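I wanted a quick look at how this chain packs, so I opened the model and kept notes as I went.

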Amino acid sequence: GKGMNEEVDIVICSGYSPGARVLRMAVRQVAREEKVRMVTVAPALAGLPKAVEDMKALKDRCVLVVDGCEGFCALQTLNQFGVKAAKSVMLNKHIQVTQSAVDMEAANILKSVREVRAKCGKE
């Protein structure tokens, strides 16, 4: 049942850098327009059973990974749990949190969400 209105899981890093904050705000902005669910990797990395289960459950879902830096912690966490993302994106560098930065990334993420949904719908 993979349709064009399928919910897309956006797996994100959970840092406190300006970039990570921009990322979370951008995903929340995207969530107002598209059916998405934000999943942060920190709880699974900490080994919380429920979070680990959620991570493993992503195997059957439509996943977009967005990392905030070259650490690729979101992508690496998914690999660790054997989850293959439909698409992986990295944010531009943000030194501070500004609305224009959030808008720019939200547009980028929105485009990716639509690509991922179309790709998942074909499988």
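**H1 against H5**

I began with the helix pair: H1 and H5 sit oblique to each other. This is a predicted model, so I read everything below as computed from it. For the angle, I got axes of H1 and H5 that cross at roughly 55 degrees and come within 8 Å. That falls outside the ranges for roughly parallel (under 35 degrees) and roughly perpendicular (65 to 115), which is why I wrote oblique. The crossing of H1 past H5 is right-handed.

Next I listed who meets whom. From H1 I noted Val22, Leu23, Met25, Ala26, Val27, Gln29 and Val30. Their partners in H5 are Gln99, Ala101, Val102, Asp103, Glu105, Ala106, Ile109, Leu110 and Val113. I sorted the residues of this contact by type and got 12 nonpolar, two polar and two charged.

**Ala26, on the H1 side**

I picked Ala26 in helix H1 for a closer look. Is Ala26 buried or exposed? Its relative accessible area is 0%, and the cut-off for buried is under 20%, so Ala26 counts as buried. Leaving out residues up to four places away in sequence, Ala26 touches Val102, Glu105, Ala106 and Ile109. I also checked a distance: the C-alpha atoms of Ala26 and Glu6 are 20 Å apart, with their positions 20 residues apart along the chain.

**The cores**

Then I went after the nonpolar cores. The largest one has 25 residues. Ile10, Leu23, Leu64, Val66, Ile109 and Val113 have the most contacts inside it. Which elements each supply at least two residues of this core? I found strand S1 (8-12), helix H1 (18-31), strand S3 (62-67) and helix H5 (99-122). H5 gives the most, with eight residues. As background, nonpolar side chains tend to be buried together in soluble globular proteins.

I followed Leu23 outward. Not counting residues up to four places away in sequence, Leu23 touches Ile12, Cys13, Val66, Asp67, Gly68, Leu91 and Ile109. There is also a second, separate core of 15 residues, which includes Val52, Val65, Ala74 and Phe81.

**Val8, in S1**

Val8 is in strand S1. It is buried, at 0% relative accessible area. With neighbours within four places in sequence set aside, I counted as contacts of Val8 the residues Lys35, Val36, Arg37, Cys62, Leu64, Val113, Val116 and Arg117. Glu34 is 26 residues from Val8 along the chain, yet their C-alpha atoms are separated by 8.6 Å.

**Met104 and Phe72**

I wanted a residue of H5 with some surface, and Met104 in that helix fits. Met104 has a relative accessible area of 42%, which puts it in the partly exposed class. Beyond residues up to four places away in sequence, Met104 touches Asn92 and His94. The C-alpha atoms of Met104 and Lys84 are separated by 26 Å, for 20 residues along the chain.

Last, I flagged Phe72 for its backbone. Phi of Phe72 is near 45 degrees, a positive value in a residue other than glycine. Where is Phe72 found? I placed Phe72 in the loop between S3 and helix H4 (73-80). Phe72 is partly exposed too, with a relative accessible area of 30%.

Definitions and conventions: Residues are numbered from 1 along each chain as its sequence is written. This is a predicted model: local features need pLDDT of at least 70, side-chain atom pairs count only at pLDDT 80 or more; totals for chains, interfaces and linings use all residues. Side-chain values use heavy atoms; hydrogens and water are left out. A nonpolar core is a set of buried Ala, Val, Leu, Ile, Met, Phe, Trp, Tyr and Cys residues joined through side-chain atoms within 4.5 Å. Buried means under 20% relative accessible area, exposed over 50%, partly exposed in between (1.4 Å probe, protein chains only). Helices (H or I, at least four residues) and strands (E, at least two) are DSSP runs, numbered from the N terminus. Contact means heavy atoms within 4.5 Å. Axes are lines fitted to C-alpha atoms, for helices over the stretch in contact, and angles run from 0 to 180 degrees between N-to-C directions. Angles under 35 degrees count as roughly parallel, over 145 as roughly antiparallel, 65 to 115 as roughly perpendicular and the rest as oblique. A crossing is left-handed if the near helix is turned anticlockwise from the far one by less than a right angle, and right-handed if clockwise. Ala, Val, Leu, Ile, Met, Phe, Trp, Tyr, Cys and Pro count as nonpolar, Asp, Glu, Lys and Arg as charged, and the others, Gly among them, as polar.
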